[in-house]
Amino acid sequence: MIAGADALLVCAGAGMGVDSGLPDFRGPEGFWRAYPPYRRLGLRFEKLADPVHFDADPRLAWGFYGHRLGLYRRTVPHTGYGVLLRWASRVPTRVFTSNVDGQFQLAGFACPDVAEVHGSIHHLQCVHPCRQDVWSAERIAVQVDAAAMRAVGPLPSCPSCGGLARPNILMFDDPYWVPARSQATLDTLAVWRRAQRLGRLVVLEVGAGTAVPTVRRQAELASAATGALIRINPRDPEVRHGRGISVPLGAAEALTAIDALLPAP
């Protein structure tokens, strides 16, 4: 399927980053293994990833997101990203992802080719948007007390109003998210997908879970006409109605193995 593709759409969930050493926050135990201080406080990911904490306890909120920002900056994308990048050099390729870690861009994908449906930790916005602005977090460094998982020192601020800033990420129960940046890439992806209607578009879904099925739905929708769906997932690889191929492996192992089977370009 990949060898005969005219274009590739990569739909990636949290499992895509696991082989790079990133946590996927699967269930409270998985979250607490990654962040033990929150077990003591009884805080789950769903409770912590809530915009209310930027008002109620901004150093708690930025302790979590500041640590993640540093972690994602330090993480080296696993070999599977390199495989996808090589394939992208041969056929037109776009990425749709729920991940906010920026690993595709770090691996070499062009920013306009990556649609981040839930936003990106590498961009900021005003906590209570004074304007619908989104800006880069490139120059932001948040110091975190790792034992308490609380931010210390200055917190990021909005350049327009001087108030507190937050990551431009869609959080749980989030009425304040500024979606403009993400929506622009999603609109670009929709135009690109329509342009592939006469060719053979192969959809490669990697590490997408069922708890938040955003990525799975996108992959199934994009591949509905042809059934050209490859689902890579070590836990939930089944493809409904048999319309596609199930690969019950992790991202790096599966992508490397598939790459080895492809004819030389």
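In which sense do strand β4 and strand β5 (residues 135–136) pair, and over how many bridges? The two strands pair in the antiparallel sense over two bridges, where strands are DSSP runs of E with at least two residues and helices are DSSP runs of H or I with at least four residues, numbered from the N terminus, and where two strands pair if DSSP finds at least two bridges between them. The model is predicted, so that local features need pLDDT of at least 70 and side-chain atom pairs count only at pLDDT 80 or more, while totals for chains, interfaces and linings use all residues. Residues are numbered from 1 along each chain as its sequence is written, and side-chain values use heavy atoms, with hydrogens and water left out.

**The antiparallel sheet**

Strands β5, β4 and β8 form, in that order, an open sheet of three strands with antiparallel pairing, in which β5 and β8 are the edge strands, each pairing on one side only. Towards β5, histidine 123 stands opposite serine 136 and leucine 124 stands opposite tryptophan 135. With strand β8 (residues 165–169), β4 pairs over five bridges, again in the antiparallel sense, and cysteine 126 is set opposite alanine 165 of β8. Eight of the eight residues of β4 (residues 119–126) are buried, so this strand is largely enclosed by the rest of the structure; buried means under 20% relative accessible area, exposed over 50% and partly exposed in between, for a 1.4 Å probe and protein chains only. Helix α6 (residues 58–74) lies across β4 and β8 and runs at about 135 degrees to β4, with axes taken as lines fitted to C-alpha atoms, for helices over the stretch in contact, and angles running from 0 to 180 degrees between N-to-C directions.

**The parallel sheet**

A second open sheet has six strands in the order β3-β2-β1-β9-β10-β11, with parallel pairing. Its edges are β3 (114–116) and β11 (245–247), each with a single partner strand, so one side of each is left without a neighbour in the sheet. Neighbouring strands of this sheet are turned by 15 degrees against each other on average, direction ignored. Strand β1 (residues 7–12) pairs with strand β2 (residues 93–97) over five bridges in the parallel sense, and cysteine 11 stands opposite phenylalanine 96 in β2. Helix α11 packs on the sheet, touching β9 (201–206), β10 (229–232) and β11, and its direction makes about 135 degrees with that of β10; contact means heavy atoms within 4.5 Å.

**Helix α7 against helix α11**

The axes of α7 (residues 79–88) and α11 (residues 251–261) come within 8 Å and cross at roughly 40 degrees. That makes α7 oblique to α11, since angles under 35 degrees count as roughly parallel, over 145 as roughly antiparallel, 65 to 115 as roughly perpendicular and the rest as oblique. Residues Thr79, Gly80, Val83, Leu84, Arg86 and Trp87 of α7 meet Ala252, Leu255, Thr256, Ile258 and Asp259 of α11. The residues of this contact divide into six nonpolar, three polar and two charged, with Ala, Val, Leu, Ile, Met, Phe, Trp, Tyr, Cys and Pro counted as nonpolar, Asp, Glu, Lys and Arg as charged, and the others, Gly among them, as polar.

**Residues with positive phi**

The table sets out two loop residues, neither of them a glycine.

| Residue | Phi | Loop | Relative accessibility |
|---|---|---|---|
| Methionine 149 | near 55 degrees | between β6 (143–145) and β7 (150–152) | 3%, buried |
| Aspartate 173 | about 50 degrees | between β8 and α9 (180–195) | 69%, exposed |
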